[in-house]
Amino acid sequence: MERIFAGEVFEILIQPGALIFSYNHHVENNCIAVHYKMLSFDSRQMTDVGKNIYKLAKFGSKYRMIEPLCDNYITARALVLQGSKTFVAERSGKATLFDSDGMPIWTGELRYRGMAPSDIGLYKNSMWAAYDKGNVLLRFNLGNMREELRIGGTRSPFSEPCDLFVTGNEAVVCNRGSRKLVKVNLDTYAVSDYKEFSEAVHGYVRNDNFEFVLLDSGVYLL
């Protein structure tokens, strides 16, 4: 495991050929100055990038329309869907679906027992949401946004599930409490341990060649 960046990182995003992330550059007058970096997979070079590069990676091509409507574009979680639609879930519990022009076409809530989701993922025609305070994953019907299925709860394989990343038919779930990555088969709903760390794990992304995790102490290449 190789640390590629040390510091307080808010979110890691994987793009074709690159990893992009937002981080705490410094604090001034009790305000955090957020900056952005990109790691190129081809050159293995880390470069500073503007916030519009980060917003494009997160919200898609209509980010200029979508981002101003977010409560906080750093803490919001977003998915670009088929047809260039974008789904955004806020830490307040508010959720919005934007059309291909960046206009909101549905607004509602994505809550579980009053709790807001910590992250969202897409598999086939369903939205999956992780709830760190409830120790559950929920599956929602994208057509009507109704809850269809729940994994976890009172007896849960999760411990503060704060992030999920869907790859193939699996969701890799970051468990901040147990410091573990677990895999969930989204067809059979089987849960299995994947990796464990010595500190809390907050994020995970991968492509065909690289896996990255976000831990307390920074971003690591597995």
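What follows is a chat between a student and a tutor about this predicted model.

Student: Let's start with charges. How many salt bridges does the structure hold?
Tutor: We're working from a predicted model here, so side-chain atom pairs count only at pLDDT 80 or more. With that in mind, the salt bridges in the structure come to 15.

Student: Which residue forms a salt bridge with Arg 77, and is that partner buried or exposed?
Tutor: Arg 77 pairs with Glu 11, and their closest N and O atoms are 3.6 Å apart. The pair links distant parts of the chain, with Arg 77 in strand 6 (residues 77-80) and Glu 11 in strand 2 (residues 9-15), 66 residues apart. Arg 77 has a relative accessible area of 14%, so it is buried. Its partner has a relative accessibility of 10%, under the 20% cut-off, so the answer is Glu 11, buried.

Student: Which residues are linked in a network of salt bridges with Glu 11?
Tutor: Arg 77 is already familiar as a salt-bridge partner of Glu 11. The network that holds Glu 11 also takes in Lys 58, Arg 77 and Asp 119.

Student: Glu 170 and Lys 183 also meet in a salt bridge. Which of the two is buried and which is partly exposed?
Tutor: The N to O distance for this pair is 3.8 Å. It links distant parts of the chain, Glu 170 in strand 15 (residues 170-175) and Lys 183 in strand 16 (residues 180-185), 13 residues apart. Glu 170 has a relative accessible area of 24%, so it counts as partly exposed. Lys 183 comes out at 17%, so the buried one is Lys 183.

Student: And Arg 111 with Glu 109: what is the relative accessible area of each?
Tutor: Their side chains meet in a salt bridge at 3.4 Å, N to O. Arg 111 is partly exposed, at 32%. Glu 109 is exposed, and its value is 54%.

Student: On to open space. Which strand supplies the largest share of the lining of the largest pocket?
Tutor: That pocket holds about 970 Å³ of space and is lined by 37 residues. Several elements each supply at least two of its lining residues, among them helix 1 (51-59), strand 10 (119-123) and strand 14 (161-167). The largest share is seven residues, and they come from strand 2.

Student: Which residues lie nearest the centre of the largest pocket, and how many of the lining residues are charged?
Tutor: Nearest the centre are Glu 11, Ile 12, Leu 13, Asp 119 and Asp 163. Glu 11 and Asp 119 also belong to the salt-bridge network. By class, the lining has 20 nonpolar and seven polar residues, and the charged ones number 10.

Student: What is the volume of the second largest pocket?
Tutor: Its lining includes Leu 81, Gln 82, Lys 85 and Asn 125. Those lining residues divide into four nonpolar, two polar and two charged. The volume is about 210 Å³.

Student: How many charged residues line the largest cavity?
Tutor: By the rule used, there is one cavity of 30 Å³ or more, and the space in the largest is about 30 Å³. Thr 75, Arg 77, Ala 89, Glu 90, Arg 91, Pro 117, Ser 118 and Asp 119 line it. Two are nonpolar and two are polar, while the charged count is four.

Student: Which residue in the hairpin of strand 8 and strand 9 takes a positive phi?
Tutor: Strand 8 (residues 94-98) and strand 9 (residues 104-109) run antiparallel and are joined by five bridges. One bridge pairs Ala 95 with Gly 108. Five residues sit between the strands, and the one with a phi near 80 degrees is Gly 102.

Student: Where is Met 145, and why is its phi worth a look?
Tutor: Most residues other than glycine have a negative phi, so a positive one goes against that trend. Met 145 is not a glycine, yet its phi is about 60 degrees. The residue is buried, with a relative accessible area of 11%. Its place is the loop between strand 12 (136-141) and strand 13 (147-152).

Student: Is Tyr 189 buried or partly exposed?
Tutor: Tyr 189 is another non-glycine with a positive phi, about 70 degrees. It's found in the loop between strand 16 and strand 17 (191-196). Its relative accessibility is 30%, so Tyr 189 counts as partly exposed.

Definitions and conventions: Residues numbered from 1 in each chain as written. Heavy atoms only, no water. Salt bridge = Lys/Arg side-chain N within 4 Å of Asp/Glu carboxyl O. Helix = DSSP H or I, 4+ residues; strand = E, 2+ residues; numbered from the N terminus. Buried < 20%, exposed > 50% of the residue type's maximum accessible area, 1.4 Å probe, protein only. 1 Å grid on protein atoms, 1.4 Å probe; cavity = no way out; pocket = protein on both sides within 12 Å on 5 of 7 lines; lining within 4 Å. Points joined across faces, edges and corners; volume = space filled by probe spheres on them. Nonpolar A, V, L, I, M, F, W, Y, C, P; charged D, E, K, R; others polar. Pairing = 2+ DSSP bridges.
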